[in-house]
Amino acid sequence: MVFVLYVDMDYFFAACEEVRHPDFKGKPFVVGTAPESERFRGVVQTANYEARKYGIHSGMPSIKAFDLYKDLLYLHSDEEYYESVSAGIMKLLKGYGKPVEVVSVDEAAMDITGLSNEEALEMARDIKKRIKDEFKLTCTIGISSGKAFAKMASDKAKPDGLMLVKADELKRFLYSCALDKLPGVGSKTYERLNEMGISSIQELSKSDPMVLIDAFGSAGKELYMLSNGIDNAKIVESSEVLSIGREVTLKNPATSVDEIKDVLKGLADEVMKEVSKKEVVFKNIGAKVRYTDFTTSGKSYSLHNYSDSEEEVIKHAATMLAALMKTGPARKIGVRVSRLVKTKGQKKLF
Ligand code: DCP
Ligand code: CA
Ligand code: CA
């Protein structure tokens, strides 16, 4: 198994906002999908820990969040900004010279095979300190043999935590975690397992693997292995280049995507040229708008699989630009792809 150091940023979008709005610190606030004028119609993307105390969480309709705490502060999300902070953090992690897999905007897995437990802990402490010093952000780090278990350790130690699960403690650790904390156990799988009489990781580990395979196919085998402390997942090193983007100032401010169709196609063409030159595929598409008052806002979209499709870039960028242009006319637009992975030798990925 791979020895893994897993970094997950704490309340990431909200923490990024606290960096540029220090006055928000200590007050309950959320980052939501809708612009300020439509705040009640949005969805909470994340809540800071003060807001979480009132039961507010990711994925909740904003209207419900305001029901739970009426003086809640609300910020319209600026995913371009969070992506740029993310890129800086990923660069810092790559600086340690170990293979880094960028798992999501605020998560990364590092292959630290060969390090001792003590060396791993020392590295984790150093990473936490540098992220705090350089970005004013906190993260939680989990360390274990196996990517899934390192992630589970980071979940358990949140926020601002550090947890090492040693090989001889893995079983006990797994049994102490709720069944739905096991990667791969989503709400549907969880219900299905419950129906089969399996409601804990321990029960899962002692169940009949053939029954699991019958019910879930190869995912069933994976669940059985994970519950028994075996994770064969490799760390897929992300590309050196973190993102590829292009932007352009419009001749005339645009109020609808229709007006900028050709400009968007041109931007996507240029991005894709670079994508094929760098021999990468991407998993995330971003779009940004600079408004006539010179403020900027951006959105990003995560694909289910790695892609090299220009069509997909145009389709998602158009949707995001349309949403962004609801706030006002655009004078500059940008398109970006990220979560890049080299295609060479990694063809199995997509
Ligand atoms: N996010 C989102 N919509 C969701 C869940 C998350 O847009 N339904 C975004 C906002 C989060 C970021 O992704 O800040 C990372 O998600 P996490 O699940 O890691 O949650 P946080 O980082 O916000 O909090 P935690 O400290 O629990 O990791
Ligand atoms: Ca996080
Ligand atoms: Ca996360």
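Is Glu107 buried or exposed? In this predicted model, Glu107 has a relative accessible area of 12% and is therefore classed as buried, the limit for that class being under 20%. Asp106 likewise counts as buried, because its relative accessibility is 14%. Both residues take part in metal binding: Asp106 (OD) and Glu107 (OE) are the protein donors of the calcium ion (ligand 3), at distances of 2.0 to 2.4 Å.

A further calcium ion (ligand 2) lies 3.4 Å from the calcium ion (ligand 3), and Asp106 coordinates both. The coordination of ligand 2 involves Asp8 (OD), Met9 (O) and Asp106 (OD), at 2.2 Å. Along the chain, the donors of this calcium ion follow the spacing D-M-x96-D. Distant parts of the chain are thereby linked, since Met9 belongs to strand β1 (residues 3-9), whereas Asp106 is located in the loop between β5 (100-104) and β6 (107-111), 97 residues apart. Met9 and Asp106 are both buried. The site of the calcium ion (ligand 2) is octahedral, with 6 donor atoms and angles of 80 to 174° among them. This assignment holds because six donors count as octahedral if opposite donors are over 155 degrees apart and all others between 65 and 115.

Attention then turns to the strands and helices. An open sheet is formed by 3 strands in the order β3-β2-β4, and its pairing is mixed. Strands β3 (44-47) and β4 (73-76) are the edge strands, each of them pairing on one side only. On average, and with direction ignored, neighbouring strands of this sheet are turned by 30° against each other. Between strand β2 (residues 29-32) and β3, the pairing is antiparallel and extends over 3 bridges. Within this sheet region, Val30 is placed opposite Ala47 of β3. Helix α1 (residues 12-20) packs on the sheet and touches β2, β3 and β4. The direction of helix α1 makes an angle of about 110° with that of β2.

Local features were also identified at both ends of helix α10 (residues 209-216). At its start, a side-chain oxygen of Asp208 comes to within 2.9 Å of the backbone nitrogen of Met210. Just after α10, Gly217 adopts a positive phi of about 70°.

Technical notes
Residues are numbered from 1 along each chain as its sequence is written. Chains are lettered from A and ligands numbered from 1 in the order in which they are written. Side-chain values use heavy atoms; hydrogens and water are left out. Donors are N, O and S atoms within 2.8 Å of the metal (3.2 Å for Na, K and Ca); water is not among the atoms, so sites may look incomplete. Four donors count as tetrahedral if all angles lie between 85 and 135 degrees; four count as square planar and six as octahedral if opposite donors are over 155 degrees apart and all others between 65 and 115; anything else is irregular. Helices (H or I, at least four residues) and strands (E, at least two) are DSSP runs, numbered from the N terminus. Buried means under 20% relative accessible area, exposed over 50%, partly exposed in between (1.4 Å probe, protein chains only). A polar contact is a pair of N or O atoms within 3.5 Å; within protein, one must be able to donate a hydrogen and the other to accept it, and residues adjacent in sequence count only if both atoms are side-chain atoms. Two strands pair if DSSP finds at least two bridges between them. Axes are lines fitted to C-alpha atoms, for helices over the stretch in contact, and angles run from 0 to 180 degrees between N-to-C directions. Contact means heavy atoms within 4.5 Å.
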